[in-house]
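Reader: Please take one part of this predicted model and go through it closely. I would like the sheet, strand by strand, with enough of the surroundings to place it.

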Amino acid sequence: MSDLNPCMTCGACCAYFRVSFYWAEASDGGGTVPVQLTEPVSPFLRCMSGTNQKQSRCSALEGTPGEATRCKIYEQRPSPCRDFSMSGADGQVNEACNRARAHYGLPPLYKDMLFHTSLDAATAALSGVQLPAN
Ligand code: SF4
Ligand code: SF4
């Protein structure tokens, strides 16, 4: 098993789901997410721009999903991204993670796989995680 965190060579979830969140998480509402990287969904919801379309791709994602990706606003990312877990982390399968990975031809991750998931700064900046669209 690789010592690398699989997110470092994935990024599939950042280019598969709609990433929506309460509008006030954006910087114009006092939150951290740069408002220019978001778009309105409803009076109370925003999403990361680029994710509310059939072929989703977050505007904050750099790189190529399935190869190497990086979130350019990792420290400011919205709550769905913070809450989304890589499948296999903490012994839990996340089918949404595996569904996004399958879309990019990547194998599923299961709870009996061992990963080195402690993130140093470089690894953390490369991982991309978020909640599936509703
Ligand atoms: S959480 Fe899952 S889909 Fe998202 S980057 Fe990590 S391994 Fe890929
Ligand atoms: S982790 Fe970053 S690149 Fe991925 S969806 Fe969230 S904001 Fe976009």
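Author: What follows starts with the whole chain, moves to the sheet, and ends with the aromatic residues.

The model is predicted. The protein has three helices and five strands. Read from the N terminus, the order of elements is β-β-β-β-β-α-α-α. The protein has 134 residues, and 44% of them count as buried. If one takes the contacts between residues at least 6 apart in sequence, 59% join residues at least 24 apart. The accessible surface is about 7100 Å², and carbon and sulfur atoms account for 54% of that area.

Now the sheet. It is an open sheet of three strands in the order 1-3-2, and the pairing is antiparallel. Strand 1 and strand 2 stand at the edges with a single partner strand each, so each of them has one side without a neighbour in the sheet. From one strand to the next, the twist averages 40°.

Take the pairing of strand 1 with strand 3. Strand 1 covers residues 20–22 and strand 3 covers residues 45–48. These two strands run antiparallel and are joined by three bridges. One of the residues to follow here is serine 20, whose bridge partner in strand 3 is cysteine 47.

The other pairing is that of strand 2 with strand 3. Strand 2 spans residues 38–40, and three bridges join it to strand 3, again in antiparallel fashion. The two strands form a hairpin, with four residues between them. Glutamate 39 has cysteine 47 as its bridge partner in strand 3. Cysteine 47 is thus the bridge partner of serine 20 and also that of glutamate 39. For proline 40, the bridge partner in strand 3 is arginine 46.

Which residue of strand 2 is worth a separate look? Threonine 38 has its place in strand 2. Is threonine 38 buried or exposed? Its relative accessibility is 10%, and the cut-off for buried is under 20%, so threonine 38 counts as buried. Which residues does threonine 38 touch, leaving aside its neighbours within four places in sequence? The contacts are Phe21, Ala26, Val33, Arg46, Cys47, Met48 and Ser49. Among them, Arg46 and Cys47 have already appeared as the bridge partners of proline 40 and glutamate 39. Tryptophan 23 is 15 residues from threonine 38 in sequence, and the distance from C-alpha to C-alpha is 9.3 Å.

The aromatic residues come last. The structure holds three aromatic pairs. Tyrosine 16 and phenylalanine 17 form one that is edge-to-face, with 4.8 Å from centre to centre and 80° between the planes. How does accessibility look for these two residues? Tyrosine 16 has a relative accessible area of 28% and is partly exposed, whereas phenylalanine 17, at 5%, is buried. Ring pairs also bring in Phe84, linking Tyr16, Phe17 and Phe84 into a cluster. A ring and a charged residue meet elsewhere in the chain: arginine 77 lies over the face of tyrosine 74, at 3.8 Å from the ring centre.

To return to the sheet, its order is 1-3-2, with strand 1 and strand 2 at the edges.

Terms used. Residues numbered from 1 in each chain as written. Chains lettered and ligands numbered in written order. Predicted model: local features only at pLDDT ≥ 70, side-chain atom pairs only at ≥ 80, totals over all residues. Heavy atoms only, no water. Buried < 20%, exposed > 50% of the residue type's maximum accessible area, 1.4 Å probe, protein only. Contact = heavy atoms within 4.5 Å. Areas by Shrake-Rupley, 256 points an atom, 1.4 Å probe, with all protein chains shown as cover. Phe/Tyr/Trp six-rings, centres within 6.5 Å; stacked < 30°, edge-to-face > 60°. Lys NZ or Arg CZ within 6 Å of the ring centre and 35° of its normal. Pairing = 2+ DSSP bridges. Axes fitted to C-alpha atoms, helices over the stretch in contact; angles between N-to-C directions.
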